[in-house]
Amino acid sequence: MQHMAQLSPGREQSQGAAVEVRGLGHIYAGRDGAVPALADIDLTVPAGRFVVIVGPSGCGKTSLLMMLAGLRTQTSGTILVDGRPIATPDPSRVGVVFQEASLYPWLTAVENVEFPLVLKNAPRDERRARAEAMLNLVGLSGFGGRYPHELSGGMKQRVSIARGLVQDPPVLLMDEPFAALDEQTRMTMGHELLRIWSQTSKTVVFITHSLTEAVYLADEVIVMSARPGRILDRVPIDLPRPRTYQMMATDVFGALRERVWHQIRDVP
Ligand SMILES: Nc1ncnc2c1ncn2[C@@H]1O[C@H](COP(=O)(O)OP(=O)(O)O)[C@@H](O)[C@H]1O
Ligand SMILES: [Mg+2]
């Protein structure tokens, strides 16, 4: 498994990094003056790693993710994705999943998944086959003909993940993708995401407010400070894989969660 191989010494070397952020800063021109949103962000994410970012509301997590996706341009610093700068959205390098599934309501599940390929003018048979394979991967085979309003919240997020992966990008970015789901569905989706990740060897950058979700999913938890967001700590999560729900009840899990909580509870 690729992500296991990445845990060997030398993993911090830039070579083979899927995401490399150097000296990143961002200042918004707000109505009442400049709003410094991010400062001094240096982050290397080796290929195949599952990294989770946590931090207080407004610390710039979504801004950072938008920049990694090429959806927003940073004020300063550089971002390399798969070794090359990213300036505009490129779904063949970066897939993105947001909190809201943001599916087109007038398209079926399979049409939503294949939509990025339609934009690329891929042949119909090829894109349909690819979309069906992605629906299969996320556990939705047989649901391709359903419209978004006929799907549950968890199923809609599965469709979003399938769409994010349809061009086989090396990197998948996820911004609180399960935050709107009920607790039980959220746990199931986290577990499902780990299965999909281990089957596809993607590099994942995942944002959440849930410290339990963070520790459960991550190889490494990145803790950010209040605005302007900086990296306060990087907590390696050395729990074995595959992760199980039973691990959440262990002392090791509790200690890791406590270490992350300790960093952010004192932040105003
Ligand atoms: N388009 C914008 N214009 C001005 N300020 C913004 C804009 N987008 C976000 N901000 C501000 O930047 C800060 C970081 O926002 P955001 O990245 O959404 O944080 P998070 O996702 O961690 O909650 C917040 O203070 C927010 O109000
Ligand atoms: Mg956000």
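The following legends describe three close-up views of a predicted model.

**View 1. The shell of residues around ligand 1.** Ligand 1 is surrounded by 13 residues, of which Tyr28, Ala37, Lys61, Thr62 and Ser63 come nearest. At least two residues of this shell are supplied by each of strand 1 (17–30), strand 2 (33–46) and helix 2 (61–68). The most is given by helix 2, with 3 residues. Sorted by class, the shell around ligand 1 comprises 7 polar, 4 nonpolar and 2 charged residues.

**View 2. The open sheet and helix 2.** An open sheet is formed by 4 strands in the order 2-1-4-5, with antiparallel pairing. Strand 2 and strand 5 (84–85) stand at the edges; each has a single partner strand, so one side of each is left without a neighbour in the sheet. Strand 4 (residues 76–81) and strand 5 run antiparallel and are joined by 2 bridges. Leu80 stands opposite Pro85 in strand 5. Helix 2 packs on the sheet, where it touches strand 1, strand 2 and strand 4. The direction of helix 2 makes about 60° with that of strand 2.

**View 3. The packing of helix 5 with helix 6.** Helix 5 (residues 153–165) packs with helix 6 (residues 183–200) at an angle of about 20°, and their axes are 11 Å apart. Angles under 35 degrees count as roughly parallel, and helix 5 and helix 6 are therefore roughly parallel to each other. Their crossing is right-handed. In helix 5, Gly153, Gly154, Gln157, Ile161 and Leu165 meet Thr185, Thr188, Met189, Ile196 and Thr200 in helix 6. By class, this contact of helix 5 with helix 6 has 6 polar, 4 nonpolar and no charged residues.

Key. Residues numbered from 1 in each chain as written. Chains lettered and ligands numbered in written order. Predicted model: local features only at pLDDT ≥ 70, side-chain atom pairs only at ≥ 80, totals over all residues. Axes fitted to C-alpha atoms, helices over the stretch in contact; angles between N-to-C directions. Parallel < 35°, antiparallel > 145°, perpendicular 65-115°, else oblique. Left-handed = near helix turned anticlockwise from the far one by under 90°. Contact = placed C-beta atoms within 7 Å. Nonpolar A, V, L, I, M, F, W, Y, C, P; charged D, E, K, R; others polar. Near = placed C-beta within 6 Å. Pairing = 2+ DSSP bridges.
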